[in-house]
Amino acid sequence: MSKKASTPKKEETTTEETKTEAKPQKTEKPKKEKSKRQEKGVHALYKVEGETVSRLRPTCERCGPGYFMGDHKNRYTCGHCGFTRYKTH
Ligand SMILES: [Zn+2]
């Protein structure tokens, strides 16, 4: 028995041109952010005129100055203690 010289076999390179993408393309929508309450920030509470600063919101009389009250249609409310003051016109 004669040993066959190891001849390098030509390996057929299988050229698969058809690349099948197994992943089904999902069109993921970016999460819609719920419309946040527009935070106006502190600067919305003050009105600067020249050198004088006037507060646009009433302050809570329970919590004292520094606690602004939320401006509502017919009332002001304090977010700190829940104090509600109705607007009087
Ligand atoms: Zn308060």
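**Entry 1: the hairpin of E1 and E2**

I began with E1 and E2, which form a hairpin with two residues between them, and I noted that Gly50 in the turn has a positive phi of about 65 degrees. The strands I name are DSSP runs of E of at least two residues, numbered from the N terminus. I call two strands paired if DSSP finds at least two bridges between them. Strand E1 (residues 46-49) and strand E2 (residues 52-55) run antiparallel and are joined by four bridges. Looking up individual partners, I found Val48 of the hairpin opposite Val53 in E2, and I found that Glu49 has Thr52 in E2 as its bridge partner.

**Entry 2: what I am looking at**

I remind myself that this is a predicted model, in which local features need pLDDT of at least 70 and side-chain atom pairs count only at pLDDT 80 or more, while totals for chains, interfaces and linings use all residues. I count residues from 1 along each chain as its sequence is written.

**Entry 3: the sheet of three strands**

How are the strands of the open sheet ordered? I read the order as E3-E4-E5, with antiparallel pairing in this sheet of three strands. Strand E3 (69-71) and strand E5 (84-86) are the edge strands, since each pairs on one side only. From one strand to the next, the twist averages 25 degrees, where axes are lines fitted to C-alpha atoms (for helices over the stretch in contact) and angles run from 0 to 180 degrees between N-to-C directions. I also wrote down that strands of a sheet pair through backbone hydrogen bonds, either parallel or antiparallel.

**Entry 4: E3 with E4**

I followed E3 into E4 through a hairpin of three residues, and I found that the two strands run antiparallel and are joined by three bridges. Which residue in E4 is the bridge partner of Met69? I found that it is Cys78.

**Entry 5: E4 with E5**

Strand E4 (residues 75-78) pairs with E5 in the antiparallel sense, over three bridges. I located Tyr76 opposite Arg85 in E5, and I found Thr84 in E5 as the bridge partner of Thr77. The hairpin of E4 and E5 has five residues between the strands, and there I noted that Gly82 takes a positive phi near 90 degrees.
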